[in-house]
Amino acid sequence: MEPHTDNFKETIHHLINTNGSFNSLSYSFEKNVPHQDIVGALKSMEMSETVVLQKDEKNQIEFLDEGRFILSHGSPNIMLVQLLLKSNPEGKLSKAKALDLFPKEPKNIFDRAFSIAMKLKQITYDKTKDEITASKTADTSVDNVQADLLRFQKDPHPQKQDEQLLKQYSKDKLLKESKIVFWNATKGPNFGETRKAETDLTIELLHNDDWKNSKFKSYNFNAKGKEHNTGALHPLLKVRSQYRQMLLELGFHEMPTSNFVESSFWNFDSLFQPQQHPARDAHDTFFLINPKFSKINDALKDYFNRVKDVHENGGYGSTGWKYNWSAEESCKNLLRTHTTAVSSKILYKMACEYKLTGIFKPAKLFSIDRVFRNESLDKTHLAEFHQIEGVIADRNIGLGHLMGVLEDFFQRFGIKRLRYKPTFNPYTEPSMEVYGFHEKLNKWVEIGNSGIFRPEMLLPMGLPEDVQVIAWGLSLERPTMINYGIENIRELFGHEVKISDTRKSSIYCLLNENV
Ligand code: FB9
């Protein structure tokens with residue numbers, strides 16, 4: 001405890017002795033000592049129950065740069081007029097000259113002086129000659145603003161009748177009002193107790209029975225625990241772990257998503273997304289310069305050609321996209337734009353498994369990881385986000401199953417009512433945008449996208465004809481921003497995130513209790 005705190009304690013003790021009570025704010029104001037130091041001393045006296053504290057609060061005025069300027073120099077507009085009048089009898093100066101002669105701090109104080117004086121018709125300005133002239137009628141004898149501020153400075157606790165003025169002056173950024181908490185101290189049970197209260201029952205106190213006539217500090221059960229600088233999960237990862245936990249409990253298996261770099265083949269072509277699709281140009285996708293291309297390994301040759309064929313000529317009941325498919329284009333490396341690229345790889349592996357074993361094992365798969373899109377940035381979009389994707393491959397499933405799975409999935413996150421809007425994805429038909437009524441936001445929000453993977457995607461892989469694959473996707477960022485009430489995604493992800501917030505962020509509790 002700093003030495004001056006002890007002196008404060010003696011002073012406080014003495015003043016309570018003489019006056020019966022002690023007010024932290026009036027003392028700090030009278031003695032011009034930092035209020036915080038007083039509070040520090042009072043808090044420790046409260047701890048040793050020397051005093052009892054009553055909390056109170058008051059509005060107080062804090063002067064801002066321009067307010068402090070006016071307190072010391074007077075209103076800038078008056079200063080400008082006086083400068084003009086002092087410089088020559090006509091009270092005329094070029095604006096540049098006046099600016100040069102005017103104080104430089106705080107920033108833009110000359111502009112303020114000029115605009116206020118113009119508004120109050122205390123000066124006129126001849127733009128052509130860039131000349132300012134003090135108007136004959138300008139009365140600079142009285143500086144009401146400075147008078148008011150000086151009055152407030154004397155008593156920084158505003159009276160009722162000053163409310164309007166204070167509103168005006170805070171609007172003019174001369175000052176700002178803030179609430180100050182202060183304390184009234186009166187005698188506590190240990191007031192006058194000179195013996196220092198023991199904090200621990202030490203062996204010495206036990207040895208010579210001193211503990212019998214010692215005063216012990218009472219436990220402060222409201223004391224905040226020591227802040228342990230432990231690691232903390234980033235809010236996004238807290239949400240990710242909830243979604244992951246939920247999907248694992250629903251019997252889904254996680255797909256390996258650790259590689260951000262993908263070939264155009266798996267990210268687009270295997271998904272039957274045509275090579276001239278707008279999403280495939282550099283405006284939407286981050287293509288790699290080095291290594292620019294991936295090599296096609298022989299094992300993939302047949303499948304590669306089947307993909308070429310379905311793009312060019314269709315088959316499996318499809319017309320195909322009828323264009324010349326470029327093998328080189330499909331080998332361009334990129335940062336994956338969706339984790340659906342991973343789903344495609346896993347589905348192909350299942351097809352190879354089926355080809356080998358003749359047995360098709362249904363699967364429930366999910367992925368949650370980063371995807372990259374070269375999109376225009378705004379407060380809810382960065383060039384990357386975390387995609388959550390669910391995939392179910394089985395026989396005799398369809399749109400109804402997809403809707404059922406979506407109902408079951410989202411109601412576990414508190415979304416009980418869903419709506420579906422038909423949409424188009426190159427790799428699913430039918431496709432639906434999913435909307436959910438968000439109780440917390442009390443409105444319908446778009447909560448994802450979904451569809452049934454096209455045969456032009458699945459059959460070239462070699463999956464059985466009677467196997468359907470339903471899938472859906474959403475982002476991690478949206479539910480996280482909604483849950484933590486974050487407006488701007490830069491507060492959630494990226495260099496502007498305050499690590500301290502991460503540490504303090506609450507657990508993510510979206511789970512619908514009655515699941
Ligand atoms: O996450 C989104 N919204 C959302 C999700 C959850 C939520 O709260 C939780 C339930 C409690 C609140 C909102 N969206 C998807 C909808 C919008 O935010 C959308 O504007 C932005 N979308 C991203 C893409 O933006 C370009 C979110 C992202 C998205 C969109 C589509 C997919 C994945 C992520 C997909 C897919 C898909 C489709 C078919 C087959 C396989 C995958």
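## Surface and overall form

The protein exposes about 28500 Å², of which carbon and sulfur atoms supply 55%. This figure, like the others in this report, was computed from a predicted model. Of the 515 residues of the protein, 43% count as buried. The mean positions of its 68 positive and 68 negative charges lie 2 Å apart.

The chain forms 20 helices and 15 strands. Its radius of gyration is 36 Å, well over the 24 Å that the globule rule gives for 515 residues, so the protein is more spread out than a compact globule. Along the principal axes, the C-alpha trace spans about 95 × 95 × 45 Å. Among contacts with a separation of 6 or more, 70% are accounted for by residues 24 or more positions apart.

## Nonpolar cores

In soluble globular proteins, nonpolar side chains tend to be buried together. Here the largest nonpolar core has 35 residues, and those that touch the most other members are Tyr 243, Leu 247, Leu 406, Phe 409, Phe 410 and Trp 472. Helix H11, covering residues 235-249, gives the most to this core, with five residues. Leaving aside residues up to four places away in sequence, Phe 410 touches Ile 415, Leu 418, Val 434, Ile 447 and Leu 474.

A second core, separate from the largest one, consists of 31 residues, including Phe 265, Val 307, Val 469 and Ala 471.

## Helix H7 and its surroundings

Helix H7 spans residues 109-119, and its buried residues are Ile 109, Phe 110, Ala 113, Phe 114, Ile 116 and Ala 117. An α-helix has 3.6 residues a turn, so residues three or four places apart point the same way. The buried residues of H7 pack against three helices, namely H4 (65-73), H5 (76-87) and H6 (95-101), and also against the strands E4 (123-126) and E5 (131-134). Just after H7, Lys 121 takes a positive phi of about 50°.

## Arg 306

Arg 306 is placed in helix H13, which covers residues 301-313. Is Arg 306 buried or exposed? With a relative accessible area of 29%, Arg 306 is partly exposed, because this value falls between the 20% under which a residue counts as buried and the 50% over which it counts as exposed.

Arg 306 and Leu 459 are 153 residues apart in sequence, while in space their C-alpha atoms are 9.2 Å apart. Not counting residues up to four places away in sequence, Arg 306 touches Tyr 316, Pro 460 and Met 461.

Technical notes: Residues numbered from 1 in each chain as written. Predicted model: local features only at pLDDT ≥ 70, side-chain atom pairs only at ≥ 80, totals over all residues. Heavy atoms only, no water. Helix = DSSP H or I, 4+ residues; strand = E, 2+ residues; numbered from the N terminus. Rg over C-alpha atoms; globule rule 2.2 N^0.38 Å. Buried < 20%, exposed > 50% of the residue type's maximum accessible area, 1.4 Å probe, protein only. Contact = heavy atoms within 4.5 Å. Areas by Shrake-Rupley, 256 points an atom, 1.4 Å probe, with all protein chains shown as cover. Lys, Arg positive; Asp, Glu negative; His and termini not counted. Charge placed at Lys NZ, Arg CZ, Asp CG, Glu CD. Core = buried A, V, L, I, M, F, W, Y, C linked by side-chain atoms within 4.5 Å.
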